[in-house]
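Me: I am a first-year student and would like a close look at one part of this structure. Please begin with a single strand and its surroundings, and then place it beside other parts of the model.

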Amino acid sequence: MKLWKYILKNYLWYVLLFFGAKIIFVSLNFDSLKQAANQLIPIFYNGLALDLSAVSYILLIPFILLLISESTGILKALRYYHIVIGLLISCIAITDALVYKYWGGKLSFLLVQYLAEPLKGIRSIASLDLAISAILLIAAVLLIRLYNLKTISVHRGPWWQALLIAAVILFLGRGGLAKTPIGISSSFYHTEDLYNYAALNPLWNLVSYEINGASLKTLELISSEDETGLIAEWRSMGAESISEIHWNDSSRIIVIMLESFSGKLSALRDDKGQSYTPNLDRLRVQGLNYSQAYAASFRSDRGLTAILTGTPSFATQSLTNEPNLLRKAPNLITLFNAAGWHTSMYHGGSLNLANMRLLVTAADELHEQNYFKGSEGSWGVHDEFVFRQFADDLHKTKSKGLHILFSLSSHEPFDVPQYEKHQDAYLNSISYTDSCLGVLISDLKSSGLWSNSLLLISADHGTILPERSTAHKKKNYHIPLILSGGLINDSFDVDQVVSQMDIATTLASAISADSLFVFGHSLLKPAGMAFYNYYHGVVCVTDSCTQYYDIPLQKYLGQQCLPPYEKAYFQAANKQIFAP
């Protein structure tokens with residue numbers, strides 16, 4: 001076979017593989033066949049340029065090797081090369097489609113940190129989706145094996161053909177002759193992210209995400225002068241106090257971080273008109289209920305980082321992967337230890353996931369899965385047993401303490417023990433954890449612990465559930481946030497926008513260390529502004545508007561309604577953490 005035919009044949013093969021990847025994404029993520037049928041051609045068409053670019057990079061190695069030698073050894077090696085690349089594309093395509101369905105974003109190397117315990121991650125996926133994925137993978141393996149059944153001899157031909165082939169590979173790899181080479185934005189053609197991500201080549205996106213992630217350490221979104229001015233404006237917000245926490249020498253702080261609890265829950269009702277979270281709702285009228293609170297990011301490690309260190313998350317980096325950098329940030333547990341407080345952390349699963357242990361390793365008491373007695377689900381011991389042990393231990397500990405409980409039963413796959421009150425698995429798990437919370441609150445009140453405690457209840461992050469809305473939208477980052485207990489005398493709704501980042505600043509005031517947390521405001525002096533990070537962008541939320549800045553696309557998604565506060569905030573935090 002002539003070289004140009006070999007290259008053309010493989011171009012067609014890999015483009016067909018990438019078309020198959022798009023069909024897999026559509027089949028797992030689109031609600032109806034009609035919706036999928038209407039968009040298949042636009043998806044294929046708008047994704048073709050990136051598909052051809054990805055194929056060009058894949059074929060560059062065979063092209064160079066065949067220019068060097070036409071030996072049997074090279075040809076056999078290339079046969080196995082194409083088998084490996086084909087299998088890699090198939091695995092990436094299937095995983096990418098599942099990641100988007102269950103986590104609302106495209107596959108990236110950032111996901112690897114959440115796969116430290118892969119069996120638990122697999123259990124988060126519905127059995128039907130796993131079965132479909134397995135069938136697709138088997139079909140892909142058979143197809144790839146059939147295509148690469150035997151070694152094909154290849155002849156280079158005249159030098160001008162090789163030169164022409166090289167020009168085509170470089171042209172398609174770069175995406176044309178424009179000044180700017182092709183990027184992921186070339187696949188974005190629709191106002192709905194689902195269609196854009198279906199068109200986006202998963203392999204190209206995966207590599208691009210990692211390359212751009214590495215560059216974020218020195219990324220500048222705006223000038224230093226504009227950054228300084230906008231950060232100064234933001235820090236001047238929230239001057240008026242709305243309430244007071246009555247700290248004393250024996251205060252107790254209890255932080256309950258509820259897995260995947262969304263601010264959307266407060267408005268949801270079951271078919272009988274009942275709330276899914278009646279115990280949480282009762283607490284809303286027994287303290288300060290922040291009705292417009294937003295999580296810092298989209299995963300548990302980022303939420304815990306925000307709560308304990310007051311440090312914002314970055315688009316493609318998690319600080320729990322960077323222990324040397326993480327030490328630059330203040331940590332509530334370390335600070336309260338130094339101030340003579342007793343500290344404890346309770347979680348029914350493993351804190352090795354995403355290296356979250358780095359955030360809490362200094363705690364006087366650190367209790368994980370093996371500490372608790374009770375039935376277990378996919379991720380660890382069920383909440384009822386963890387909440388019960390937490391309450392029992394509170395009775396034994398010093399009153400001057402910071403105690404944190406991180407629940408887990410409302411994590412996918414939502415397998416709660418003998419609790420089937422609602423058909424929707426997510427909402428049923430939420431209701432289950434809320435019932436566990438109710439038992440804990442009753443214990444705190446009946447035992448007298450309530451009177452000298454500050455109870456802070458919030459979530460690690462929001463969720464795209466139950467309706468699986470577009471990943472970057474603010475409603476998916478809306479979380480509950482309540483300050484209650486005997487150290488708070490007031491009870492009312494706080495309508496101003498606040499951030500999960502404000503929690504550390506607020507709690508640190510108990511030991512006069514709030515000035516160390518420079519990227520949050522006190523919850524008692526709401527700034528009316530919050531920032532969060534989604535997979536590849538940063539967002540500013542205020543009482544009147546929300547703006548989304550996408551970093552790879554280098555543009556706002558929709559209208560810009562404010563000065564670029566989110567750029568200044570993200571850039572300032574980035575500099576503080578990553579500066580030498």
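Reply: The account below begins with strand β12 and then turns to other strands and to a pair of helices. The model is a predicted one.

Strand β12 covers residues 529-534, and six of its six residues are buried, so the strand is largely enclosed by the rest of the structure. In a regular strand, side chains alternate between the two faces of the sheet. Both faces of β12 are covered. Met-529, Phe-531 and Asn-533 are buried on one side, while Ala-530, Tyr-532 and Tyr-534 are buried on the other.

The partner of this strand follows shortly in the sequence. β12 and strand β13 form a hairpin, with two residues between them. Strands of a sheet pair through backbone hydrogen bonds, either parallel or antiparallel. Here β12 and β13 (residues 537-542) run antiparallel and are joined by six bridges. Met-529 of β12, for example, has Thr-542 of β13 as its bridge partner.

A parallel pairing can be examined elsewhere. Strand β3 (residues 293-294) and β11 run parallel, with two bridges between them. One bridge partnership links Tyr-294 to Ser-499 in β11. These strands belong to an open sheet of three strands in the order β8-β3-β11, in which the pairing is mixed. β8 (478-479) and β11 (498-499) stand at the edges with a single partner strand each, so one side of each has no neighbour in the sheet.

A single residue of another strand also deserves attention. Thr-343 lies in strand β4 (residues 342-347). Thr-343 counts as buried because its relative accessibility is 0%, the cut-off being under 20%. Neighbours within four places in sequence aside, the contacts of Thr-343 are Ile-333, Phe-336, Asn-337, Ala-362, Ala-363, Asp-364, Glu-365 and Leu-402.

The last part concerns helices. Two packed helices are described by the angle between their axes and the distance between the axes. For helix α3 (residues 72-103) and helix α5 (residues 127-147), the axes come within 10 Å and cross at roughly 160 degrees. That angle makes α3 roughly antiparallel to α5, since angles over 145 degrees count as such. The crossing of α3 past α5 is right-handed. Residues making the contact include Ile-83, Leu-87, Ile-94 and Leu-98 of α3, and Leu-136, Leu-137, Val-141 and Ile-144 of α5. Charged residues also take part, among them Arg-79 and Lys-101 of α3 and Asp-129 and Arg-145 of α5. The residues of this contact divide into 11 nonpolar, four polar and four charged.

Note on methods. Residues are numbered from 1 along each chain as its sequence is written. This is a predicted model: local features need pLDDT of at least 70, side-chain atom pairs count only at pLDDT 80 or more; totals for chains, interfaces and linings use all residues. Side-chain values use heavy atoms; hydrogens and water are left out. Buried means under 20% relative accessible area, exposed over 50%, partly exposed in between (1.4 Å probe, protein chains only). Helices (H or I, at least four residues) and strands (E, at least two) are DSSP runs, numbered from the N terminus. Two strands pair if DSSP finds at least two bridges between them. Axes are lines fitted to C-alpha atoms, for helices over the stretch in contact, and angles run from 0 to 180 degrees between N-to-C directions. Angles under 35 degrees count as roughly parallel, over 145 as roughly antiparallel, 65 to 115 as roughly perpendicular and the rest as oblique. A crossing is left-handed if the near helix is turned anticlockwise from the far one by less than a right angle, and right-handed if clockwise. Contact means heavy atoms within 4.5 Å.
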